[in-house]
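Here is a walk through one protein chain, written to be read with the model open beside you. Have a viewer ready to pick out single side chains as we go.

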Amino acid sequence: MLKIFRSALEGPLKWVFVALIIAAFGVFGVPSLDNFGNTSALTIEGKRISALDVQREVASQMRQIQAENPGISQEQAMAAGLGQQVVNVLTVRALIEAEADRLGVTAPDTVIRRYIEQLPDLQNPETGNFDPQRLGLVLQQLRLSTRGFGDLIGGELVRQQIVDALSSGGTVSDELTRYLLLRQFEERDIRFTTLTLDNANAEPSDEDIAVYYEENIANYQSPEYRVFSVVTITEADVADEITVSEEDIRRLFDVRVGAVEASETRSVNQFRVSGDAVTEVEELLAQGQTFAAVAEAVGAQVSTLADQQQTDFIAEAFGEAVFAAESGAIIGPVDTPFGALFGEVVAINRAEGPVFEDEREALEAELRSEIAEDLLVELVDRFEIARDEGASIAEAADQVGLVARTTQPADAELFTRFGSIANIPRTLAQEGQGLTLGEESDAIRLPDGYGFVGVDEIILPAPLPLSEVRTDIVTVMKAEAASNAADALEAQLDALIAEGRSFDDAVTALGGEPKFATVTVNDEERPLPDNVMAEVFRLDVGAKTVVPKGTQGEVDVVQVANVRFGDSSAVEQVLPLVSQQFSTQLSGELSEAYLEALQETSKITQNERQLARGLGQDQP
């Protein structure tokens, strides 16, 4: 699931990984908690992410995409991979949150409050102090309550502690950076040639093949195969018992939306004053001046908070006063830790609840899922009771009206002898690999229900017939012959050079044509294959390498004649920046490894139907 990041983690862009992860944890992308319905699109370590969470994340990411590319549509973004990116972001967040819970990382309320009050965007530019009116505007923009914003910031702080720990994990020294940069200016003079190996491609005899097969029989064994008895209990097994009436759906709808339909939002103008200005405001209001005129008279700045719920107001007393007043009423003064607040109710809006027809399908699916889970648990209990009384999983299945399946013999990767894939959930197969012959598992949770597995037969590894592995053996023997021939030729070359001959004379004596070239690490056209060039840039001056050319019966022979550096005057100027980038890249690689380890050890499941619904890809 996290593999999509890899495309952005290759080459020079790899160092930005940590920045991308931190962006994924950004404040404006955290899903709200007021989900409608409990059906999960994703479940990561017990944390449920609904289709609505997915939908909100899609909307959040689309705002960012369209800010940079105004003409792009959501359909185009989805085609470019937005859906998978959303799944990855939500998954990474949940993995980090689960890891924070495991480590006991928390953000106390006092820390959250202090952090909010120190946010630069919430400071009054004149006083430099925290401005609750600015916070109100932010809450309005994000459509969050004060409590929801605090939860959001708390989650961000917890995740950020994990991210900061990861991003501080690697430091690259200036010395190493200087060396890596100088390599970009390095020029090497090389002498090289291609030599032919004696008898490198000779076909081994049948007798030699047979001897090699016997001497290396341990390398030509069939894997261990296992035959499993498998019982799965899924929603399909209890589907006939699931009954959801229209009344049940309507009742759940009424419970869910009742509070929404009964709620309302209010829009209010407000300003804050302190000291003697409070009395002046009261006098001006008593004279009948308008709210805006009074604010201007005392030099206060009016801000408008639109569509606020009562819990959205930081000052609870002010929120209570706003919701106790009629439209057009003037409120205040209300004392707060930040001064006295005055307000004017400009609109009272009744909140529109969801429409039953729009939510009916999701509610029915939720009810069916809940009933199915209860029925599944009941069926598993009956199954386990039968086993407790001595029945095997096959016998227990028969007693409760299920059917146990016997798989074809399969190896640890679920491949059968004929190359097909055994029909068994991988979770059950993994459990079965740890059982002994005749042993049976307890109930195992599967994404769509429960399962049981037992080991009916274990087929031990056995030698494969020579006829089946002959081609593989011939390939290995030829490769070994080529390697031995290359070693022998290198020994001859060393002997000639030890006699005092030059590199050119020695390779000429062995039938080669000496050549000369100057190469750099940035050459687009190279005189030798990349694997040989990689060896060239590891050699000291005067050293040589002999590299076989696959199964061609030839070797490339190279000697480094000289090493020099071009103009490297710019190295010191860019050294600090590049060293920092290399350090960030190293931290990114450590972060990637950490997240992949979390993924591999965490339980992650997807509900494809709900996921498609959240991504807007469900079919009508």
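Let's begin with R445, which counts as partly exposed because its relative accessibility is 36%. This is a predicted model, so keep that in mind throughout. The side chain of R445 meets that of E373 in a salt bridge, at 3.1 Å from N to O. The two ends of this pair come from distant parts of the chain: R445 is in strand β10 (residues 444-446), E373 is in helix α14 (residues 356-388), and 72 residues separate them. E373 is at 26% relative accessibility, so it counts as partly exposed as well.

How many salt bridges does a search of the whole structure find? There are 20. Another one to pull up is R470 with D206, where the closest N and O atoms are 2.6 Å apart. Here too the pair ties together distant parts of the chain, with R470 in helix α17 (residues 466-498) and D206 in helix α9 (residues 206-215), 264 residues apart. Is D206 buried or exposed? With a relative accessible area of 55%, D206 is exposed, since the cut-off for exposed is over 50%. R470, at 31% relative accessibility, falls into the partly exposed class.

Now for a salt bridge within one helix. R251 and D248 form one, and their closest N and O atoms are 2.9 Å apart. Both sit in helix α10 (residues 246-262), and because they are 3 residues apart, about one helical turn separates them. Why does that spacing suit a pairing of side chains? An α-helix has 3.6 residues a turn, so residues three or four places apart point the same way. As for solvent, R251 is partly exposed at 49% relative accessibility, and D248 is partly exposed at 27%.

Salt bridges can also join up into a network, and E187, D189 and R564 are linked in that way. Look next at E186, which is found in strand β3 (residues 186-196). Is E186 buried or exposed? E186 counts as buried, because its relative accessibility is 4%, and buried means under 20%. The side chain of E186 has a polar contact of 3.4 Å with that of R188. If you set aside neighbours within four places in sequence, the residues in contact with E186 are V519, T520, V521, F537, V563, R564 and F565. So R564 turns up twice in this part of the tour: in the salt-bridge network and in the list of contacts of E186, as the definition of contact allows.

Time to move to a sheet. Four strands make up an open sheet in the order β6-β5-β8-β7, and their pairing is antiparallel. Which strands are at the edges? They are β6 and β7, each of which pairs on one side only. On average, and ignoring direction, neighbouring strands of this sheet are turned by 30° against each other. Zoom in on β5 and β8, which run antiparallel and are joined by 10 bridges. One handy landmark is F271, whose bridge partner in β8 is F342.

Helices lie against these strands. Helix α12 (residues 291-298) lies across β5, β7 and β8, and runs at about 25° to β5. Helix α13 packs on the sheet too, touching β5, β6, β7 and β8, with its direction at about 125° to that of β5.

Stay with α13 (residues 316-324) for a moment. Which of its residues are buried? F318, G319, V322 and F323 are. They sit on the same side of α13, because they cover an arc of only 130° around the axis. The cover over these buried residues includes β5 (264-273), β6 (303-308), β7 (330-336) and β8 (339-350). Turn to the other side of α13 and you meet E316 and A324, which are exposed.

Finally, zoom out to the whole chain. It has 21 helices and 15 strands. Of its 620 residues, 40% count as buried. Among contacts between residues at least 6 apart in sequence, 72% join residues at least 24 apart. The salt bridge between R470 and D206, 264 residues apart, is a pair to revisit with that in mind.

Notes: Residues are numbered from 1 along each chain as its sequence is written. This is a predicted model: local features need pLDDT of at least 70, side-chain atom pairs count only at pLDDT 80 or more; totals for chains, interfaces and linings use all residues. Side-chain values use heavy atoms; hydrogens and water are left out. Buried means under 20% relative accessible area, exposed over 50%, partly exposed in between (1.4 Å probe, protein chains only). The arc is that of the directions from the helix axis to the C-beta atoms. Contact means heavy atoms within 4.5 Å. A salt bridge is a side-chain nitrogen of Lys or Arg within 4 Å of a carboxyl oxygen of Asp or Glu. Two strands pair if DSSP finds at least two bridges between them. Axes are lines fitted to C-alpha atoms, for helices over the stretch in contact, and angles run from 0 to 180 degrees between N-to-C directions. A polar contact is a pair of N or O atoms within 3.5 Å; within protein, one must be able to donate a hydrogen and the other to accept it, and residues adjacent in sequence count only if both atoms are side-chain atoms.
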